[in-house]
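Reader: I am new to reading protein structures, and the vocabulary puzzles me. Could you go through some of the terms with me?

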Amino acid sequence: MTKKLLERILDLLISLPAIILLSPVFVVIAIYIKLTSKGLVIFKQQRAGKNGRPFTFYKFRTMRIDVDPFGPSPKAGDDPRLTKVGKILREYSLDELPQLFNVLKGDMSIIGPRPLYVSQMAEWNERQKKRLLVKPGLTGLAQISGRGELTREEKLELDVKYVETAAFWLDLKIILATIACIFGRKSIYEKRYSKTELTRGQASKK
């Protein structure tokens with residue numbers, strides 16, 4: 001059995017049961033989002049997948065519908081762009097649950113670099129583009145190594161390190177550490193941005 005096939009089997013064995021077991025949670029979250037803010041329940045956006053192929057990325061909407069979806073991520077829970085329900089969803093990473101459907105479809109894997117904007121690929125050097133050699137994941141090495149406290153460059157380097165070091169023991173470590181991060185609500189919000197990100201975020205507000 002090839003590593004690629006084994007990974008796909010594991011993704012299916014995790015994502016399908018998780019979707020079934022968490023379906024009541026999906027319903028409750030959807031109701032709260034709909035009752036407390038205007039807009040769609042599910043936020044959809046094109047992200048860069050394996051080999052740079054764009055795919056439709058899903059998550060529960062956590063921000064108001066009148067804000068720039070491509071702007072910098074919220075720096076804190078009191079960010080005015082967040083809805084009341086959105087703040088809670090982000091604190092416990094519940095907004096990422098719809099990506100289980102991305103895993104089921106085969107666009108994503110359980111473990112891998114987080115999917116970034118398609119437009120950001122043009123900003124990466126050749127080494128950083130190695131992150132595109134594998135499917136993006138629900139969680140990855142960068143998410144357990146500092147998450148929001150890391151700069152974009154540090155995250156990209158950890159993504160490449162994962163691709164170069166990918167092994168079963170590392171995937172297991174990432175899964176266990178991710179659970180600890182979620183319940184500990186560690187480093188949820190981004191604190192530092194690269195010069196490129198800040199410039200893009202400022203330009204989008206003009």
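Author: Gladly! Let's begin with residue classes: Ala, Val, Leu, Ile, Met, Phe, Trp, Tyr, Cys and Pro count as nonpolar, Asp, Glu, Lys and Arg as charged, and the others, Gly among them, as polar. By these classes, the lining of the second largest pocket has 14 nonpolar, one polar and eight charged residues. This is a predicted model, where local features need pLDDT of at least 70 and side-chain atom pairs count only at pLDDT 80 or more, while totals for chains, interfaces and linings use all residues. Residues are numbered from 1 along each chain as its sequence is written, and side-chain values use heavy atoms, with hydrogens and water left out.

Reader: What makes Leu172 partly exposed?

Author: Buried means under 20% relative accessible area, exposed over 50%, and partly exposed in between (1.4 Å probe, protein chains only). Leu172 has a relative accessible area of 42%, so this residue is partly exposed.

Reader: Why does Asp79 count as buried?

Author: The relative accessibility of Asp79 is 13%, so Asp79 counts as buried. Arg81 has 18%, and therefore also counts as buried.

Reader: What makes the contact between Asp79 and Arg81 a salt bridge?

Author: A salt bridge is a side-chain nitrogen of Lys or Arg within 4 Å of a carboxyl oxygen of Asp or Glu. For Asp79 and Arg81, the closest N and O atoms are 2.9 Å apart, so the pair fits the rule. By this rule the count comes to twelve salt bridges.

Reader: How do you know that Lys59 forms a salt bridge with Glu96?

Author: Their closest N and O atoms are 3.8 Å apart, so this pair fits the rule too. The partners come from distant parts of the chain, 37 residues apart: Lys59 is in strand β2 (residues 54-60), and Glu96 is in the loop between α3 (84-91) and α4 (99-105). Helices (H or I, at least four residues) and strands (E, at least two) are DSSP runs, numbered from the N terminus. Both Lys59 and Glu96 are buried. Salt bridges also link Lys59, Asp95, Glu96 and Arg114 in a network.

Reader: And Lys105 with Asp107, what distance separates N from O there?

Author: In that salt bridge the distance is 3.5 Å, N to O. Asp107 counts as buried, because its relative accessibility is 11%.
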